[in-house]
Amino acid sequence: MEQLSITEKHGANYILFELLGAFNSYTIGDLQEKIFEKIESTNVVLDLSQVFSIDSTGMGVLFAAFNKGQETGYKLYLMNMSFSAANTVKETGFLEAFDVIQSVTEVE
């Protein structure tokens with residue numbers, strides 16, 4: 001079974017989740033809960049550099065978190081996307097909608 005490892009780090013105006021593995025319907029539960037809890041009070045940065053796949057459920061969570069951030073006044077940032085992650089997000093046609101960054105120093 002696929003796995004998703006999550007490392008949580010805190011910054012001054014954000015929380016960073018470093019992800020390793022597959023971002024899909026089998027692995028999304030714990031991360032989804034954390035994202036929706038945190039985006040109500042701070043910016044959320046997802047380091048996708050070590051994510052080797054994202055399925056439609058994963059994309060749904062990204063869109064929902066993006067929308068939740070807009071409602072609460074905080075942002076969801078996608079950082080250091082792996083080729084696979086970037087390709088999946090690009091295929092949706094919504095790459096420009098997301099705040100894509102290369103470093104946490106870019107968090108506003």
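This is a short look at three residues: aspartate 99, phenylalanine 63 and threonine 42.

Keep in mind that the model is predicted, so local features need pLDDT of at least 70 and side-chain atom pairs count only at pLDDT 80 or more, while totals for chains, interfaces and linings use all residues. Residues are numbered from 1 along each chain as its sequence is written, and side-chain values use heavy atoms, with hydrogens and water left out.

Here is how the three stand on accessibility, where buried means under 20% relative accessible area, exposed over 50%, and partly exposed in between (1.4 Å probe, protein chains only).

| Residue | Relative accessibility | Class |
|---|---|---|
| Aspartate 99 | 25% | partly exposed |
| Phenylalanine 63 | 24% | partly exposed |
| Threonine 42 | 15% | buried |

Let's start with threonine 42, which sits in the loop between helix H1 (29–38) and strand S3 (43–54). Helices (H or I, at least four residues) and strands (E, at least two) are DSSP runs, numbered from the N terminus. Setting aside neighbours within four places in sequence, threonine 42 has contacts (heavy atoms within 4.5 Å) with Asn13, Tyr14, Ile15 and Tyr74. A polar atom of the threonine 42 side chain is 3.4 Å from the backbone nitrogen of tyrosine 14.

Phenylalanine 63 belongs to helix H2 (residues 56–72). Beyond four places in sequence, phenylalanine 63 contacts Thr92, Phe94 and Phe98. With phenylalanine 98, the C-alpha separation is 8.7 Å, across 35 residues of chain.

Aspartate 99 is part of strand S5 (residues 99–101). Not counting residues up to four places away, aspartate 99 touches Lys75, Leu76, Tyr77 and Leu78.

Key. Polar contact = N/O pair within 3.5 Å; in protein donor to acceptor, adjacent residues only side chain to side chain.
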